[in-house]
Amino acid sequence: MVDLSVELCGIGLRNPIVAAAGTCGYVTELADVLAPAWLGALVTKSITREPREGHPPWRLIEVPRGMLNAVGLANVGLERFLAQKLAGADRIDTVVIGSIAGNSVEDYTAVAAAFDAEDRLPIVELNVSCPNTGDGLVFGEDPGALRALLAEIRPVLTRTKMLVKLSPNVGDITAMAASAVEGGADGLTLINTISAMAIDVERRTPRLGGGADAGGLSGPAIHPVAVRMVHDVYRAVARPAGVPLVGLGGVMTWTDAAELILAGATAVGMGTALFVDPRSPVAVVKGLRRWVRRQGCGSITELIGRVDSG
Ligand SMILES: Cc1cc2nc3c(=O)[nH]c(=O)nc-3n(C[C@H](O)[C@H](O)[C@H](O)COP(=O)(O)O)c2cc1C
């Protein structure tokens, strides 16, 4: 029997497939259509200290081989998340990872401290693709800003493992990965959406609403970019440091997931695919199992980072 289980930051996942932040609701919503036991883990929507309404419509538009979103981190805020949403984690038969976002260091540390006190969230994931209202710098796009953020969050997480989710909107993602590991990341998630824009040529206006203009591109269009970034970060930073990667970006099929595993991912996220078919992880898990067997391996972990680049 092929073993699909992996260990992410010391936490056991029954398989490598992770439902990505912001694409599967808060905690329990996906369970209406997909038994959580098909997932290694699911990541909550990013939670901020205060509630956020997000951007006005249009927030999601379809583009060739993907979609653009400008949701603007709409969420109920920390207090209501803890009071109303998180209890559902007890009914969910998978690991729940708590995603944290904010616009200041204090925003992040407040949510991190609250999540650290929760047994139901053994791992948190920092969504650092947010601008700091103080200086306008996006935390995950500036090594200094990222280091300063992690210096404050790391001590707050006394028992919870810390994943840092990297933005692809940088010149050198390996430098950001190195900053995150120096800042104490137990693992790295990559990639978040790629900054992008679409224009309505008749109205001559941006197709995404609310003055956001630009949004984030996800789906198959970004998959080869994700493979390249996971490959580079694995070799330059993650493998030498012994830090696991969650690879994601446009995973629709088991072959997409297998590519990211060979590039160096221990776990593989699925986001946009859940909008197309929320049950798509089932076929991915089954396909990975057959692939591992065909490769003559007893465990999927034998294939992590094993692309033969010659
Ligand atoms: C509608 C939508 C909402 C998202 N919300 C979040 C979020 O709240 N936090 C976060 O870290 N990433 C968020 N993401 C990014 C995804 O988690 C993922 O990194 C990205 O979409 C690439 O994966 P995919 O191509 O499989 O969708 C969102 C993506 C989409 C499409």
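## A pairing to start from

In S14, Leu217 is the bridge partner of Ile194. That pair belongs to the contact between strand S11 (residues 194–196) and S14, where 3 bridges hold an antiparallel pairing. Ser195 has its own partner in S14, namely Gly216. Everything here comes from a predicted model, so keep that in mind as you read.

S14 (residues 215–218) also pairs with strand S6 (residues 66–69), again in the antiparallel sense and over 3 bridges. There, Met67 of S6 faces Ser218 of S14. Ser218 turns up again around the ligand, where it is listed among the closest residues.

## The open sheet

Put those pairings together and you get an open sheet of 4 strands, ordered S5-S6-S14-S11 with antiparallel pairing. Which strands stand at the edges? They are S5 and S11; each has a single partner strand, so one side of each has no neighbour in the sheet. From one strand to the next, the twist averages 35°.

At the S5 end, strand S5 (residues 60–63) pairs with S6 through 4 bridges, antiparallel once more. Val63 sits opposite Gly66 of S6. The hairpin these two strands form has 2 residues between them, and one of its residues, Arg65, takes a positive phi near 60°.

## The barrel

The other sheet closes on itself: 8 strands make a barrel with parallel pairing, in the order S3-S4-S7-S8-S9-S10-S15-S16. Here the strand-to-strand twist averages 25°.

Going along part of that order, strand S4 (residues 41–43) is joined to S7 by 3 bridges in the parallel sense, with Ala41 partnered by Val95 of S7. Strand S7 (residues 95–100) then runs parallel to S8, with 4 bridges between them, and Gly98 stands opposite Val124 of S8. On from there, S8 and strand S9 (residues 161–165) share 5 bridges, also parallel. Val124 shows up in this pairing too, this time across from Met162 of S9.

## Strand S8 up close

Is strand S8 (residues 123–127) mostly covered or mostly open? Mostly covered: 5 of its 5 residues are buried. In a regular strand, side chains alternate between the two faces of the sheet. In S8, Ile123, Glu125 and Asn127 point one way while Val124 and Leu126 point the other, and all of them are buried.

S8 also takes part in two crossovers. Together with S7 and helix H2 (residues 105–116), it makes a right-handed β-α-β unit. With helix H3 (residues 143–156) and S9, it makes another right-handed β-α-β unit.

## Around the ligand

How many residues surround the ligand? There are 26, and the closest are Gly22, Asn127, Ser218, Gly271 and Thr272. Asn127 is one of the buried residues of S8 just described. By character, the shell splits into 10 nonpolar, 14 polar and 2 charged residues.

## A stop on helix H2

Ala110 belongs to helix H2. It counts as partly exposed because it has 18 C-beta neighbours inside 10 Å, whereas a buried residue would need 20 or more. Beyond its neighbours within four places in sequence, Ala110 is in contact with Arg49 and Leu78. For a backbone distance, take Ala110 and Ile100: they are 10 residues apart in sequence, with 9.8 Å between their C-alpha atoms.

## Backbone oddities

Some loops hold backbone geometry you may want to look at. Pro57 and Trp58 are joined by a cis peptide bond, with omega at about -5°; Trp58 lies in the loop between S4 and S5. A cis peptide bond also joins Leu190 and Ile191, with omega about 20°. Ile191 is in the loop between strand S10 (187–190) and S11.

Then there are the positive phi values. Arg65, in the loop between S5 and S6, has a phi of about 60° without being a glycine. With 14 other C-beta atoms within 10 Å, Arg65 is partly exposed. Arg204 likewise has a positive phi near 60° and is not a glycine; its loop runs between strand S12 (199–200) and strand S13 (205–206). Why does Arg204 count as exposed? Because it has 7 C-beta neighbours inside 10 Å, and 12 or fewer is enough for that label.

Key. Residues are numbered from 1 along each chain as its sequence is written. This is a predicted model: local features need pLDDT of at least 70, side-chain atom pairs count only at pLDDT 80 or more; totals for chains, interfaces and linings use all residues. Two strands pair if DSSP finds at least two bridges between them. A crossover is right-handed if, with the strands pointing away from the viewer, the path from the first strand over the helix to the second runs clockwise. Axes are lines fitted to C-alpha atoms, for helices over the stretch in contact, and angles run from 0 to 180 degrees between N-to-C directions. A residue is near a molecule or strand if its C-beta atom, placed from the backbone, lies within 6 Å of it. Ala, Val, Leu, Ile, Met, Phe, Trp, Tyr, Cys and Pro count as nonpolar, Asp, Glu, Lys and Arg as charged, and the others, Gly among them, as polar. Two residues are in contact if their C-beta atoms, placed from the backbone, lie within 7 Å.
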